[in-house]
Amino acid sequence: MKDKGPIKITRVKDSRLPHTDLSDIKFGTIFTDHMFVADFRDGKWQAPEIVPYGPMPMEPAAKVFHYGQAVFEGMKAYKDEHGDVFLFRPEMNLQRINRSAWRLAMPPIPEAYFMEGLKALVDIDRDWIPSEYGASLYLRPVYFAIDNEIAASASGSYRFIIIASPAKSYYTGEVKVKIEERFSRACNGGVGFAKAAGNYAAQFLATERAKKEGYKQIIWTDSKTHEFVEEAGTMNLFFRIGDTLITAPTSDRILHGVTRDSIIRLARYHKMPVEVRRLTVDEVMDAARADQLKEIFGSGTAATVLPIKGIGYREEYYELNPPENSYANLLKQMLMDIQYNRVPDPFGWRVKV
Ligand code: COI
């Protein structure tokens with residue numbers, strides 16, 4: 001690694017892989033043998049390491065526990081049918097984690113730590129990547145404050161780790177979503193665009209309430225008027241009204257999804273009508289009532305492209321029956337074929353490990 005020499009690697013004595021059933025995975029519950037760790041202390045980045053995955057001693061006074069100074073990323077490594085392994089647009093995740101870090105007053109992560117850390121971890125644990133089409137290795141870079149001090153100010157020291165988890169679908173079963181009007185996920189000038197840990201905690205209450213009514217996720221609306229649809233929290237959202245695909249523009253309230261951006265670019269490349277513009281709840285519900293709301297789907301690294309089964313708003317509920325030429329299925333296929341190296345990659349998105 002630039003300036004720091006090679007990443008120091010301490011391998012596990014015995015891999016857990018032979019005792020792990022990769023065919024039966026609940027998302028985010030199984031972790032590979034190793035993890036990447038690098039600390040920022042005394043104003044500089046310390047030598048990075050790959051160590052066995054396991055508990056990390058932390059003091060109860062660590063600032064991350066008190067003030068939530070933590071950001072993260074979600075990405076995946078894909079194995080093709082020859083056993084070659086690829087990351088997908090990792091530079092987008094590097095840019096985003098550093099935008100998130102900036103917003104939370106954290107120093108930027110050097111490109112070499114992020115990229116070479118990812119590649120080294122994926123390489124050492126490459127046998128953990130399921131080879132089944134649709135499965136992958138979910139990668140979770142996390143960056144958090146580790147000063148031990150009760151003081152509501154930015155930490156001086158931080159830890160950056162990357163953990164990895166063999167993965168299949170994030171969502172199982174039908175996904176129904178509910179338009180939320182009371183609580184808000186983000187506001188102007190806030191941290192909604194950042195992948196800040198606290199943004200997710202802020203969603204749990206409303207989501208748990210919606211779950212009791214049979215929904216899996218919330219559609220967040222703008223905090224000021226609740227008139228505009230924004231995102232689903234674990235996913236960005238696309239609405240197909242008639243034959244046009246519409247998604248909200250990113251802003252300081254909406255996460256700049258890598259999958260979202262890839263879907264827009266794929267749709268445009270294939271000359272599908274796609275509009276990036278603000279969209280009101282009324283427009284969505286009027287289209288539903290007029291039978292013009294053909295599809296809603298979510299996009300995200302964990303969820304990939306996820307067709308939504310139904311949408312609830314106040315007392316109304318609409319079930320969606322996607323047409324045969326479902327945009328969600330088409331775009332998901334195009335995206336996955338690039339990710340799994342099944343077709344040429346005209347965008348240069350694949351990065352071989
Ligand atoms: C991802 O899509 O990778 C995310 O980080 C969302 C998370 C809720 C799983």
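A pocket, as the word is used here, is an open set of grid points with protein on both sides within 12 Å along at least five of seven lines, and its lining residues have an atom within 4 Å of a point. The model is predicted.

The largest pocket has a volume of about 870 Å³. Its lining takes in 39 residues, and the closest to the centre are Arg140, Tyr170, Tyr200, Thr234 and Ala302. Both domain 1 (8-167) and domain 2 (176-339) contribute, with at least three residues each. Strands S8 (136-145), S9 (158-167) and S15 (293-300) each supply at least two lining residues, as do helices H4 (197-212) and H5. H4 gives the most, with 8 residues. By class, the lining of the largest pocket is made up of 16 nonpolar, 15 polar and 8 charged residues.

The ligand comes next. Around the ligand are Phe72, Gly74, Tyr138, Arg140, Tyr170, Lys195, Tyr200, Thr234, Thr301 and Ala302. Three side chains place polar atoms by its oxygen atoms: a polar side-chain atom of Tyr138 lies 2.5 Å from a ligand oxygen, an N or O atom in the side chain of Lys195 is 2.8 Å from one, and for an N or O atom in the side chain of Arg140 the distance is 3.3 Å. On its own the ligand has 280 Å² of accessible area, and the protein covers 91% of this.

The second largest pocket has a volume of about 240 Å³. Of its 18 lining residues, Gly134, Ser169, Ala303, Thr304 and Lys332 are the closest to the centre. Strand S6, strand S16 (304-307) and helix H7 (327-339) are the elements that give two or more residues to this lining, and S16 gives the most, with 4. The lining divides into 10 nonpolar, 5 polar and 3 charged residues. Domain 1 (8-167) and domain 2 (176-339) each provide at least three residues here.

There is also enclosed space. A search of the whole structure finds 1 cavity of 30 Å³ or more, with a volume of about 100 Å³. Its lining consists of Gly74, Met75, Lys76, Tyr78, Phe88, Asn93, Val258, Thr259, Gly300, Thr301, Thr304 and Gln339. Strand S6 (75-79) and helix H5 (258-269) each supply at least two of these residues, and S6 gives the most, with 3. In terms of class, 4 are nonpolar, 7 polar and 1 charged. The cavity lining likewise draws at least three residues from each of domain 1 (8-167) and domain 2 (176-339).

Terms used. Residues numbered from 1 in each chain as written. Predicted model: local features only at pLDDT ≥ 70, side-chain atom pairs only at ≥ 80, totals over all residues. Heavy atoms only, no water. 1 Å grid on protein atoms, 1.4 Å probe; cavity = no way out; pocket = protein on both sides within 12 Å on 5 of 7 lines; lining within 4 Å. Points joined across faces, edges and corners; volume = space filled by probe spheres on them. Nonpolar A, V, L, I, M, F, W, Y, C, P; charged D, E, K, R; others polar. Domains from an automatic or database assignment. Near = heavy atom within 4 Å. Polar contact = N/O pair within 3.5 Å; in protein donor to acceptor, adjacent residues only side chain to side chain. Areas by Shrake-Rupley, 256 points an atom, 1.4 Å probe, with all protein chains shown as cover.
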